[in-house]
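Let's take a friendly walk through this structure together. Keep the view open beside the text and look up each part as we come to it.

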Amino acid sequence: MTSGESPVAVVREVSQRYRDVVALDNVSIAIPAGYVVGLIGPDGVGKSSLLSILAGARAIQSGQAVVLGADMADRRAREQVCPRIAYMPQGLGKNLYPDLSVRENIAFFARLFGQTRAERDWRIAELMEATALSDFADRPAKKLSGGMKQKLGLCCSLIHDPDFLILDEPTTGVDPLSRRQFWDLIDRLRARSATGMSVIVATAYMEEAERFDWLIAMNEGRILATGTPAELKAQTGGGSIEAAFVALLPQRPDGRSADMPEKSELDGSQETVIVARDLTCRFADFTAVDGVNFQIRKGEIFGFVGSNGCGKTTTMKMLTGLLPPSAGEALIFGRSMEAGNHESRSRVGYMSQAFSLYGELTVRQNLVLHARLFHLPSAEAERRIAELIDRCDLTEHIDGLAADLPLGIRQRLSLAVAIVHKPDLLILDEPTSGVDPVARNQFWRLLIELSRQDAMTIFVSTHFMNEAARCDRLSLMHEGRVLATDTPDGLIRAKGVQTLEQAFIAFLEQDAGVADPPVTLTQAKADPDPIDRPRDGQRRSAFSLRRLLAYTIREGLELVRDPIRLMFALFGTAFLMIVIGFGISTDVNNLTFAALDRDQSPESRAYLAELRGSRYFVEKPPLADYAELERRMKSGDIKASIEIPPDFGADIKRGRPAFVSAWIDGAMPFRAETIRGYLEGTHQLYLSDPAVKTTQPQAASPVNVEIRFKYNQAFDSIYAMAPSTIALLLALFPAILMALAVVREKELGSITNLYVTPVTRLEFLLGKQLPYVAVALVNFAVMYVMAIVLFRVPLKGAFLPLLVGTFVYVFTTTGFGMLISTFCRTQIAALFGTAILTVLPATQFSGMLVPVSSLSGVARVIGMGFPMTYYRPITVGTFTKGLGFADVGADILVLLVFIPVLTGLSLLMLPKQER
Amino acid sequence: MVRSLSNIFWLGTKELRSLFGDVVLIGLVIYSFTVAVISQAQSSSQELHRASIAVVDEDNSELSRRIAAAFLPPYFQRPISITQREVEPLMNSGRFTFVLDIPPNFQRDVLAGRKPSVQVNVDATAMIQAGIGSGYALQIITTEVAWFVARSEVPVQAPVNLVTRIAFNPNITTAWFEGVMGIINSVTMLAIILAGAALVREREHGTMDHLLVMPLSPFEIAMSKIWANALVIAVAVAVALYVVVRWYLQVPINGSVPLFLSGTVLYLFFATAVGLFLGTIARSMPQLGLLYILVAVPMNLLSGAMTPVESQPVWLATIMQASPSTHFVSFAQSILYRGAGLDVVWPQFLAVAGIGALVLALTLRRFRAAIAAAGA
C-alpha cells in the first residue's frame with residue numbers, strides 16, 4: 001500500500017463548459033494514491049467530466065490535470081501513461097460490445113493493449129476465474145444480467161494490470177446483492193495487486209459511499225467537501241452520507257426542506273385497483289416476467305423494486321395494455337386494458353421510464369397539448385394547468401423548452417402532464433433515476449400529497465432502496481419473479497435485519513439457494529508462475545498490426561451477428577442491381593403513335609405503312625380530328641402523331657413537294673429526341689424505297705455517312721448500364737456501411753476505447769475499414785456473376801485489371817464513408833450525409849449519364865475529385881470495351897492516390913480525445 | 001368523431017413542432033428541394049450538350065474543314081484534330097465520345113459524284129449522348145455536304161418532306177423535365193423519411209408508449225403524423241415549383257399547378273403511410289434509413305421519372321403499376337407538361353388514392369402490436 005504518498009492524480013483549476021452548461025467550475029483537487037476514492041453527487045454535476053479528464057478521454061479546456069505524473073494535456077505524456085490507466089465509462093456496459101461474447105469482449109481489449117496470444121490467454125483465464133465469469137465465456141454480452149455486465153466491464157478494464165482504475169457509476173441500476181459482490185471483488189483485486197492499485201469511483205448511491213476510503217462530494221461543477229466518510233458526517237452532523245450531502249448543499253432559496261417527507265397512515269380501503277394474476281411475458285428466447293401476482297388497493301403507494309432488466313418495466317407495460325401478456329391477466333379497475341378501452345385509459349396517468357415529454361415543446365405547450373388530448377373543457381383546462389404549475393413548482397420555467405430543463409424539474413413536469421386529467425391511478429416507471437436527493441425528496445412529497453390528499457393510487461418502480469422504503473407496500477422483483485410482497489417493515493422483520501437493502505439481499509440469497517461460491521482469487525495469485533508468463537503488452541509501438549486487427553476482428557464479428565446490417569450489406573447491392581439493370585434502360589421502343597390521315601390515298605397509306613413496319617413504333621387507333629390528337633397527346637396515350645394533309649397524294653402525283661407533319665410528345669426530352677431521330681430515319685427509308693412512285697427522279701445523297709457504334713454494336717444500353725451500376729453501387733453501399741460503423745461507436749459510446757487505450761487513430765480507421773472492404777469484394781463478386789449470367793453482359797477484356805481496380809476502388813469508397821463519418825454525430829446524419837454526398841456525384845458527375853468529357857465548371861471539378869470517375873472506365877472498359885491493363889492502368893493509379901488522401905483527411909478530422 | 005378530429009389536429013400540431021426542431025431533417029428538406037432539384041435540372045443529361053468530338057482529317061480540303069467546323073456548341077465541343085493512330089486509345093479512355101474519319105480525296109470524290117463514305121465512330125457506352133449525337137452527326141454531315149455541292153448545282157427539293165414539331169417542350173430542354181422530376185423524387189423520399197422518422201423518433205424518446213396509454217387510437221396517432229408531414233412537404237413542393245423551377249430555373253409551367261398540388265397531396269397520403277409502415281418495422285433510425293434505400297430507391301428509379309416505363313420489361317412495368325409513384329409521375333407529366341385536366345388524369349388519381357388507403361389499412365394493423373413489441 002502506498003497510501004499517504006504522493007497523490008495519484010492532481011487537478012488544478014480545471015474548468016469545462018459545453019455551450020451554456022458549465023460542467024466543471026475551476027476544480028482543484030489532489031486524489032490520494034492507494035485508496036478507493038468515492039466521487040458522490042447527483043447526475044449532471046460534473047462527475048463524469050472530471051473522470052473522463054482523468055482518463056484522458058476528454059480534452060481539457062482550461063486548467064491542468066496530472067495523472068500518474070503525466071500532464072494529460074500533452075499528447076506524448078498521455079500516450080505514455082495511458083496503458084497504466086483503466087477507465088470504465090458511465091452506462092452499464094457502454095464500452096462493451098453487446099453482440100460479442102464475454103471472452104471476445106475481453107480479448108478485444110487485450111489486443112488493444114497489444115498482448116500476444118499467449119499473454120492474452122492466461123490473463124483472460126485468470127480474470128474470468130476471478131470474476132466467476134468462466135461459465136459464461138461464450139454468452140453474448142447483451143444477454144448478461146446487469147451484475148454480470150458490470151463484472152465483464154471490470155475484466156475488460158483490468159486486462160492490462162492498470163495502476164489507476166477509474167469507474168464511472170459502475171453499479172447504477174444493479175441489484176443490491178450484485179452490487180455488494182462487485183465491491184468485494186474490487187477489494188480483493190486491490191489486495192492482490194502488488195502495487196496497490198488506486199481506484200476512483202463515481203456513484204449515485206449514497207449508501208455505497210460509506211465503504212470508500214475517501215470521498216469527494218460534488219455539486220454543480222464544484223467540489224463541496226472532501227474527506228473520509230466519518231469526517232464528512234462529523235463535519236455536517238449528518239447521520240448518513242446522504243444526510244451529510246444534503247447538508248453540504250447550499251441553502252435552497254425557496255426554503256423548502258430537503259428532508260424526507262412524512263406520510264400519514266393509509267385509510268383501510270380494501271377496494272383493489274390493480275390485479276395481476278400469473279402475469280407472464282415471454283419474448284423469443286427468454287421470459288421477461290414469470291408468473292407475477294399482486295394486488296394494489298385503492299389509495300396506496302405500491303412500489304416495485306428491483307434491478308434494471310428484472311421485468312419491472314415489462315410488467316408495467318402489460319398493465320397499461322402496451323404489451324399483451326403471454327399468459328395470465330392484468331386487470332385495472334376490474335377490466336383489462338386492451339386496445340380500444342378508452343374509458344379505463346382516461347382514468348390512468350402514466351409516466352414511462354424514458355423521459356416522456358416533447359422536448360421541443362415548452363412547459364406550457366406540453367401541458368396544453370395533454371389537456372387537449374384528454375378533452376378538458378378549455379376553462380377547466382386553464383384552471384387545472386394553473387393549479388399544476390403552482391403545485392409542481394414550475395412557474396419560473398413556464399415558457400422554457402422541456403428539453404432545456406434540469407432533470408429534476410423535467411420529472412416534475414412529466415408528473416404534471418401525467419396527472420393533468422386527474423386520473424384515479426398513476427403508474428410511474430422509475431421516475432427519479434438520475435435526480436439529486438433534494439429533487440427526489442421534493443418529487444416524493446408530491447407523490448405523497450397526491451396519494452393522501454387526492455386519493456390517487458400510485459404504482460411506482462424504483463431501484464433505490466430509500467425510495468422503496470417510502471412506499472406503503474412493495475414487491476421485490478428479481479429476474480422476472482416477485483420474491484416477496486409486504487410493507488417495508490414487514491420485509492425487514494421477515495428477514496430479521498436492519499435495513500430494507502439487507503432484507504432484499506437476504507431474499508436474493510435465499511432465491512439463489514446458496515450465496516455465490518467464494519471467489520478463489522488468492523489461489524490464482526498463489527499459483528507460482530510455472531512458465532514465464534509473457535508480458536509483451538506493455539511495449540509501445542507507433543503502429544501495431546495486432547491493435548488494428550483487434551478492430552477488424554471485432555467489427556467482422558459484429559457485422560456477422562447483426563442480421564439486418566448483414567443482409568443489407570450482402571444483398572442490398574444485388575437487389576438494386578436487379579432494379580437498375582432491368583428498370584433503367586435508354587433503349588426507347590414500344591413507342592405509341594397514331595395517324596391523322598386526312599388524305600386517305602394510296603400514297604398516304606404507303607407512307608404510313610413505312611412507320612407501321614418499324615420495330616420501334618406501335619400504332620394506336622387512328623385519329624379523327626385535331627381535337628382528338630390534342631386530347632390523346634395530353635393523356636399520354638400516344639407519344640407521337642403523324643398528320644397527312646388532304647392533298648398529299650395529289651401533290652406527289654403532280655410533282656409538287658408534299659409535306660407530312662409530326663407532333664412529338666416533348667414531356668421527356670430524351671425520348672422526344674429519340675422519336676425524332678426514328679421518324680427521320682423512317683422517312684429516309686420511305687424516300688429511298690423503290691416502291692414509292694414519285695414523278696421526280698430521286699436525288700441521291702452525295703455522301704455516305706457510316707455510323708459505327710463502337711464497343712456495343714447492338715447499341716443495347718445494358719452493356720453500358722450493368723458495368724456502370726457495379727461502379728455506382730460499390731460507391732454507395734461500402735461508403736454507407738463504413739460511415740455507419742464509425743458513427744455507431746460515437747453514438748453508443750464505445751468510441752471511448754479509442755480515446756483511452758493505446759490504439760492509434762490510423763489503426764482504428766484501417767481496422768474498421770478492412771471488414772467493409774471484404775464485404776464490398778463479396779458484393780462485387782455477386783454483381784459480377786449477375787452481370788454475366790442474369791444480364792448476359794460478357795467480360796470482353798481482362799479480368800485481372802478489373803479485380804485490381806475494384807480492390808483499390810473499394811478502399812477509396814470505404815475511405816470516402818470514413819471521411820464523412822468524421823464530421824457526423826448521429827447514425828442517421830451519417831446515413832443521409834453519405835447517401836447524398838455519394839449519389840449526387842456518382843449519378844451526375846461520374847460519367848453515368850453524361851460523359852465526364854462533356855462536363856464543365858464545378859461539375860467537372862466534383863467529377864474529377866470523385867473516385868467513381870476513374871473506376872467506371874475500368875468496369876465499362878473491361879466489360880464492354882474489351883480493355884486490359886495498358887488502357888486502364890492510369891485510372892488504377894489515380895485511384896491509388898485517393899487512398900492516402902482520404903485516410904489522411906480522416907485522421908486529421910478524427911480527434912483522439914472527446915472535446 | 002369530433003373528439004377524434006380534435007385529437008388528430010392537436011397531435012398534428014405537436015408533429016409540426018417536433019419536425020421543425022429536428023435540424024437534420026429540415027436540412028434534408030431544404031437540400032432536396034433546392035440543390036438536388038437544381039443539380040438534376042442543370043445536368044443536361046437528357047440532351048446533347050458539349051459532346052466531345054475529334055476529327056481524323058485525311059483529306060484536309062475545304063469540305064472536310066467545313067464539316068469539322070459545323071460541329072458547334074452547345075451540342076458539341078469544338079472538334080480536336082487527331083491522327084488515325086490515336087483513335088483507339090483516346091476512345092478507349094473515354095476522352096472522346098465521337099470521332100469523325102474523313103478519308104483522303106473526300107472532296108474530290110464528292111464533287112465527282114462517287115459518293116465517298118465518312119465514318120462516325122461513336123462510343124456506344126455513352127448511351128444517351130451516343131444515341132442522340134449520332135443522329136445529329138448524320139444530319140450535320142449530310143447538310144454540310146449538300147450545301148457544298150449545291151453551290152454548283154440547283155438544289156433538289158425532296159418529293160416528300162417531314163416536318164417534326166415537339167409539343168410541350170419545343171427546344172427539348174432538360175431542365176423542363178428534370179426540374180419537375182427532381183421535385184417528384186424528393187417528394188417520395190421525404191414523405192417516407194419524415195413520416196418514418198416521426199414514428200421512430202417517438203419510439204426512441206419513449207413518448208410513443210405515453211401516447212398509446214392515453215385514450216387515443218392508433219388511427220388518430222397515424223393520421224396526425226400523416227397530415228402534419230404531408231402538409232410540410234406539400235408546402236415545400238409549392239414553393240419549390242414556383243421559386244426554384246419557375247423563377248430560378250426559368251421553366252414555364254403550362255398546366256394547372258393547383259390540380260398538380262391536389263394530386264401531390266393525394267400521393268403524400270400514400271407515401272407518408274409507407275413511411276409509417278417502415279417505421280413500424282425499423283427499430284432504430286439507421287435501420288429506417290437502410291429500409292428506405294431498399295424501398296424508395298426502386299420506387300423512384302422505376303417510376304418513369306428516370307427513363308420511360310415503356311422501356312422496362314413487361315413483367316416489371318406490370319409490377320410498377322402497383323406503385324403509386326408510377327401514377328404520380330404519369331399524372332405530373334400530364335398536368336404540368338401537357339396541360340391535362342382532371343378529365344384526363346382522374347384514373348391515376350383514383351389509383352393513387354386506392355393504393356394509399358390499402359397501405360394505410362396495413363400500417364394501422366401493424367401499428368399497435370409492432371410498437372409495443374419493439375419498445376420492450
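**A guided tour of two chains**

A good place to start is α12(A), where A:Val363, A:Asn366, A:Leu367, A:Val368, A:Leu369, A:His370, A:Ala371 and A:Leu373 are buried. Keep in mind that this is a predicted model. Helix α12 spans residues 363-373 of chain A, and because 8 of its 11 residues are buried, the helix is largely enclosed by the rest of the structure. What do the buried residues of α12(A) pack against? Within chain A they meet α13 (378-391) and α14 (407-418), and from chain B they meet α1 (2-21). Just after α12(A) comes A:His375, which has a positive phi, near 55 degrees.

That touch of chain B leads us to the meeting of the two chains. Here 111 residues of chain A are in contact with 115 residues of chain B. On the chain A side, the largest share comes from helix α25 (residues 669-688), which supplies 12 residues. Sorted by class, this side of chain A has 60 nonpolar, 35 polar and 16 charged residues.

The chains also share a sheet. Five strands are involved: reading across, the order is β24(A)-β4(B)-β3(B)-β1(B)-β2(B), and this open sheet has mixed pairing. β24 of chain A and β2 (80-81) of chain B stand at the edges with a single partner strand each, so one side of each is left without a neighbour in the sheet. Strands of a sheet pair through backbone hydrogen bonds, either parallel or antiparallel. Where the chains join, strand β24 (residues 704-710) of chain A runs parallel to strand β4 (residues 117-123) of chain B, with 7 bridges between them. To find one of these bridges, look for A:Arg708, whose partner in β4(B) is B:Asn121. Elsewhere in the sheet, strand β1 (residues 53-57) of chain B pairs with β2(B), also in the parallel sense, over 2 bridges. There, B:Val55 stands opposite B:Ser81.

Now take chain B as a whole. It contains 15 helices and 5 strands. Its radius of gyration is 28 Å, whereas the globule rule gives 21 Å for 376 residues, so chain B is more spread out than a compact globule. Along the principal axes, its C-alpha atoms fill a box of roughly 95 × 45 × 40 Å. Buried residues make up 56% of the chain. Among contacts in chain B with a separation of 6 or more, 82% are between residues 24 or more positions apart.

The unreviewed UniProt entry lists several stretches of chain B as "transmembrane region", including residues 20-38 and 175-200. In the model, residues 20-38 of chain B are 89% helix and 0% strand, with end C-alpha atoms 24 Å apart. Residues 175-200 of chain B are 100% helix, and the C-alpha atoms at the ends of that span lie 36 Å apart.

Back in chain A, the division is into domain 1 (9-100 + 160-248), domain 2 (272-511), domain 3 (545-580 + 716-909) and domain 4 (591-688). Domains 1 and 4 of chain A have C-alpha centres 85 Å apart.

Our last stop is A:Ile40, in strand β3 (residues 36-40) of chain A. Is A:Ile40 buried or exposed? A:Ile40 is buried, because 29 other C-beta atoms lie within 10 Å and 20 or more are enough to count as buried. Among the residues that A:Ile40 touches are A:Thr203, A:Met206, A:Ile241 and A:Phe245.

Methods: Residues are numbered from 1 along each chain as its sequence is written. Chains are lettered from A and ligands numbered from 1 in the order in which they are written. This is a predicted model: local features need pLDDT of at least 70, side-chain atom pairs count only at pLDDT 80 or more; totals for chains, interfaces and linings use all residues. Two residues are in contact if their C-beta atoms, placed from the backbone, lie within 7 Å. Helices (H or I, at least four residues) and strands (E, at least two) are DSSP runs, numbered from the N terminus. Ala, Val, Leu, Ile, Met, Phe, Trp, Tyr, Cys and Pro count as nonpolar, Asp, Glu, Lys and Arg as charged, and the others, Gly among them, as polar. Two strands pair if DSSP finds at least two bridges between them. A residue is buried if 20 or more other C-beta atoms lie within 10 Å of its own, exposed if 12 or fewer, and partly exposed in between; C-beta atoms are placed from the backbone. The radius of gyration is taken over C-alpha atoms; the globule rule is 2.2 Å times the number of residues to the power 0.38. UniProt positions are given in the numbering used here, feature names are shortened, and annotations may be inferred rather than shown by experiment. Domain bounds come from an automatic or database domain assignment. Lists of a residue's contacts leave out its neighbours within four places in sequence.
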